[in-house]
Amino acid sequence: MPFDHDLKKGKFYETEALKYFEYDEFKQSQGLFKAYDLDLTLNGVSTKIEVKADFTACRTGNIAIEFQCSSIESGILTTMADIWVHYVIH
């Protein structure tokens, strides 16, 4: 799938994740920023959130959590997020 299509889906689920947290303000990462997706601030304390949407897990019964891509650490091994949100899409 084209990157822009995946990015649009990802931004949708990042916005959905905001419903589950309390915050005074938030910043949503832009472009190819890989450290985290959301930075929520509540009472001056920042919490970084990584959001993943898995469209295959409901079919396979397994979730996929990336830790390496092309022999380079990525995903859960490199995120700077405090919290990982994983949606299984039916």
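**Notebook: loops, rings and charges in a predicted model**

I began with asparagine 43, which has its place in the loop between β2 and β3 (45-54). The model is a predicted one, and I kept that in mind for every value noted below. Asparagine 43 has a phi near 55°, which is a positive value in a residue other than glycine. I then looked up its accessibility and found asparagine 43 exposed, with a relative accessible area of 66%.

I looked next at leucine 42, which belongs to strand β2 (residues 38-42). Is leucine 42 buried, exposed or partly exposed? At 29% relative accessibility I have to count leucine 42 as partly exposed, because that category covers what lies between under 20% for buried and over 50% for exposed. When I set aside the neighbours within four places in sequence, I found leucine 42 in contact with Glu22, Tyr23 and Asp24. I also took the separation from aspartate 6, which is 36 residues away along the chain, and the C-alpha atoms of the two residues are 29 Å apart.

I looked up serine 71 as well, since its phi, near 65°, is a positive value in a residue other than glycine. Serine 71 lies in the loop between β4 (68-69) and β5 (72-73), and I noted it as exposed, with a relative accessible area of 66%.

**Overall fold**

I counted the secondary structure of the protein as two helices and six strands, which follow the pattern α-β-β-β-α-β-β-β when read along the sequence. The radius of gyration is 14 Å, close to the 12 Å that the globule rule gives for 90 residues, so I could note the protein as being as compact as a globular protein of that length. Along the principal axes, the C-alpha atoms fill a box of roughly 40 × 30 × 25 Å.

I then turned to burial and surface, and found that buried residues make up 28% of the 90 residues. The accessible surface comes to about 6500 Å², and 56% of it belongs to carbon and sulfur atoms. Among the contacts with a separation of 6 or more, I found that 45% are accounted for by residues 24 or more positions apart.

**Aromatic rings**

How many aromatic pairs does the structure hold? I found five aromatic pairs. One of them joins phenylalanine 12 to tyrosine 13, with 4.9 Å from centre to centre and 90° between the planes, and is edge-to-face. Of these two residues, phenylalanine 12 counts as partly exposed at 45% relative accessibility, whereas tyrosine 13 is buried, with a relative accessible area of 15%.

Tyrosine 13 also pairs with tyrosine 87, and I recorded this pair as tilted, with 5.2 Å from centre to centre and 50° between the planes. Which parts of the chain does this pair bring together? Tyrosine 13 lies in helix α1 (residues 3-17) and tyrosine 87 in strand β6 (residues 83-88), so the pair ties together parts that are 74 residues apart in sequence. Tyrosine 87 is buried, with a relative accessible area of 17%. When I followed the ring pairs further, I found that they link Phe12, Tyr13, Phe55 and Tyr87 into a cluster.

**Charges over rings**

I searched for charged groups above these rings and found that the charged end of lysine 9 sits over the ring of phenylalanine 55, at 4.3 Å from its centre. I noted a similar entry for lysine 48, whose charged end sits over the ring of tyrosine 36, at 5.3 Å from its centre.

**Salt bridges**

How many salt bridges does a search of the whole structure find? The search gave four salt bridges, among them the one that lysine 48 forms with aspartate 39, where the closest N and O atoms are 3.8 Å apart. Aspartate 39 counts as buried at 14% relative accessibility.

I also recorded the salt bridge between lysine 52 and glutamate 50, with the closest N and O atoms 3.1 Å apart. Glutamate 50 counts as buried at 6% relative accessibility, while lysine 52 is partly exposed, with a relative accessible area of 32%.

Another entry is the salt bridge between lysine 19 and glutamate 16, whose closest N and O atoms are 3.0 Å apart. Here I found lysine 19 exposed, with a relative accessible area of 60%, and glutamate 16 partly exposed, with a relative accessible area of 22%.

Note on methods:
Residues numbered from 1 in each chain as written. Predicted model: local features only at pLDDT ≥ 70, side-chain atom pairs only at ≥ 80, totals over all residues. Heavy atoms only, no water. Phe/Tyr/Trp six-rings, centres within 6.5 Å; stacked < 30°, edge-to-face > 60°. Buried < 20%, exposed > 50% of the residue type's maximum accessible area, 1.4 Å probe, protein only. Helix = DSSP H or I, 4+ residues; strand = E, 2+ residues; numbered from the N terminus. Lys NZ or Arg CZ within 6 Å of the ring centre and 35° of its normal. Salt bridge = Lys/Arg side-chain N within 4 Å of Asp/Glu carboxyl O. Rg over C-alpha atoms; globule rule 2.2 N^0.38 Å. Contact = heavy atoms within 4.5 Å. Areas by Shrake-Rupley, 256 points an atom, 1.4 Å probe, with all protein chains shown as cover.
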